[in-house]
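Visitor: I would like a close look at one part of this model, the enclosed space inside it. Could you take me there and then show me how the surroundings fit together?

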Amino acid sequence: MSDFVILSLILFLVVCLILTLAGFVFYSGLLSEIVVRTGSPPVKKITIAYKFIKGSYRDRGTAFTESCSIAPKLCSIALYYDNPNEAEADCCRYAVGSILSQDEEKTDEELQRLYEKFGFRVISFPEVSYAVLSSFPNHCMLSPICGAYRVFPELHSYIAERGLSAYPFIEICKGDTIHYMCPLENQGSFFVPELLEKQTEGEEETENDKDADDTHTGEGCTSESGGAVMEADTEISEMGESSLLVMQQSPPLDETDSQTEEGDQGAKGSSESVGSGSSFEELDMDLEEVENERENVEEDHVEDNEKRGDDEGESNEG
């Protein structure tokens with residue numbers, strides 16, 4: 001009996017845990033429908049106190065906590081300038097802070113000085129007529145994380161499918177709703193000064209690096225390509241020098257013409273046989289010609305001897 005009671009209690013606790021998790025997921029809005037549309041943004045002209053941060057978006061919670069600890073009743077805001085799917089996590093740039101005033105409200109100077117005391121800067125953003133919009137329930141501390149996980153991919157898809165120019169991504173926690181907006185106009189007005197300063201520094205560093213590379217490699221060529229060009233020039237110069245030496249060593253044409261006919265033919269025959277690499281058939285023909293000449297010489301010699309013998313016999317008879 002006691003075992004049955006223990007098993008029942010365990011089963012009851014497991015069911016309660018499952019129901020609690022399901023209720024938490026439903027309450028946090030993780031299963032809520034995401035609707036993306038184009039329209040008028042939820043806020044107009046605003047003045048915010050912010051801190052510019054460069055790093056992973058996952059670390060933004062610390063900045064949110066610091067901003068909310070100064071004035072918990074103010075609406076929180078975050079501006080994201082890079083796509084985390086394209087940029088490295090450590091290179092993402094964003095600004096986190098609180099909204100000091102909206103529309104025509106006057107900013108509390110004392111509150112502004114308090115934010116500036118903790119290292120925040122103050123900036124105002126203009127009103128825009130159209131933006132890409134979406135929203136997500138803000139019921140717990142995990143709602144911003146769930147909202148970013150659910151809403152940002154939908155915003156990217158909506159903008160890419162329609163070829164819109166909408167940036168940066170702005171997140172505003174206002175009451176029990178998190179508003180997401182991407183301005184369709186005056187996008188440059190939502191850039192904080194630190195972002196522009198970083199871009200200017202990056203451009204200067206890029207130009208300096210480019211100039212340094214040009215100085216080392218010569219007119220923007222890479223070291224590998226420059227080395228290849230130098231090697232090619234060296235080979236060409238060596239080939240030119242060798243050809244000049246050969247030309248200098250070869251005898252002039254006049255001297256060749258002044259040689260005797262027999263020496264010229266011998267030199268010509270030897271040069272042709274060695275330099276041009278004549279075929280075996282040509283060599284056989286030369287040998288046959290030599291043998292024919294020898295036979296002709298021998299026949300002539302025999303005829304001369306016979307003629308001489310006849311002449312001597314006639315002279316003896318006389």
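Guide: Gladly. The largest cavity is lined by Pro41, Val43, Lys44, Ile46, Ile77, Pro126, Val128, Ile170, Ile172, Met181 and Phe190. Please keep in mind that this is a predicted model. The volume of this cavity is about 60 Å³, and the count of cavities of 30 Å³ or more comes to 1. Rolling a probe the size of a water molecule over the atoms is what shows where empty space is left. Sorted by class, the cavity lining holds 10 nonpolar residues and 1 charged residue, with no polar ones. Lys44 is listed among the lining residues.

Several of these residues lead straight into the sheet, so to speak, and that is a good way to continue. The sheet is open and has 8 strands, in the order S1-S6-S8-S7-S3-S4-S2-S5, with antiparallel pairing. At its edges stand strand S1 (37–39) and strand S5 (121–125), each with a single partner strand, so one side of each is left without a neighbour in the sheet. From one strand to the next, the twist averages 30°.

Let us start from Ile46, one of the cavity-lining residues. Ile46 has Phe125 as its bridge partner in S5, and S2 and S5 pair in the antiparallel sense over 5 bridges. Strand S2 covers residues 46–54, and it also pairs with strand S4 (residues 93–102), again in the antiparallel sense, over 9 bridges. One pair within that ladder is Lys54 with Arg93 of S4. If you follow the chain past S4, you come to Asp103 in the loop between S4 and helix H3 (109–117). Asp103 is not a glycine, yet its phi is positive, near 55°.

Now for Ile77, Ile170 and Ile172, which also line the cavity. Strand S3 (residues 76–80) and strand S7 (residues 169–174) are paired in the antiparallel sense over 5 bridges. Within this pair, Ile170 in S7 is the bridge partner of Leu79. As you follow these strands, a general point may help: in a regular strand the side chains alternate between the two faces of the sheet. The loop between H4 and S7 holds Pro168, and a cis peptide bond joins Tyr167 to Pro168, with omega at about -10°.

That loop brings us to the helix. Helix H4 (residues 143–162) lies across S1, S3, strand S6 (131–137), S7 and strand S8 (177–183), and runs at about 150° to S6. Met181, from the cavity lining, falls within the residue range of S8.

From H4 we can move on to the pockets. The largest pocket holds about 750 Å³ of space. Among its 25 lining residues, Tyr57, Asn83, Pro84, Phe152 and His156 lie nearest its centre. H4 provides the largest share of this lining, with 8 residues. By class, the lining of the largest pocket divides into 17 nonpolar, 4 polar and 4 charged residues.

The second largest pocket has a volume of about 510 Å³. It is lined by 20 residues, and those closest to its centre are Phe64, Cys68, Met141, Pro144 and Cys173. Helix H2 (60–70), H4 and S7 each supply at least two residues of this lining, and H2 gives the most, with 5. The lining of the second largest pocket has 11 nonpolar, 5 polar and 4 charged residues.

One last stop is the stretch before the sheet begins. An unreviewed UniProt entry places the feature "transmembrane region" at residues 6–27. In the model, this span is 100% helix and 0% strand, and its end C-alpha atoms lie 31 Å apart.

To come back to where you asked to look: the cavity of about 60 Å³ has a lining that includes Ile46, which is bridged to Phe125 in S5, and Ile170, which is bridged to Leu79.

Methods: Residues are numbered from 1 along each chain as its sequence is written. This is a predicted model: local features need pLDDT of at least 70, side-chain atom pairs count only at pLDDT 80 or more; totals for chains, interfaces and linings use all residues. Side-chain values use heavy atoms; hydrogens and water are left out. Two strands pair if DSSP finds at least two bridges between them. Helices (H or I, at least four residues) and strands (E, at least two) are DSSP runs, numbered from the N terminus. Axes are lines fitted to C-alpha atoms, for helices over the stretch in contact, and angles run from 0 to 180 degrees between N-to-C directions. Contact means heavy atoms within 4.5 Å. On a 1 Å grid over the protein atoms alone, a cavity is a set of points where a 1.4 Å probe fits but cannot get out, and a pocket is an open set with protein on both sides within 12 Å along at least five of seven lines; lining residues have an atom within 4 Å of a point. Grid points are joined across faces, edges and corners, and a volume is the space filled by probe spheres set on the points. Ala, Val, Leu, Ile, Met, Phe, Trp, Tyr, Cys and Pro count as nonpolar, Asp, Glu, Lys and Arg as charged, and the others, Gly among them, as polar. UniProt positions are given in the numbering used here, feature names are shortened, and annotations may be inferred rather than shown by experiment.
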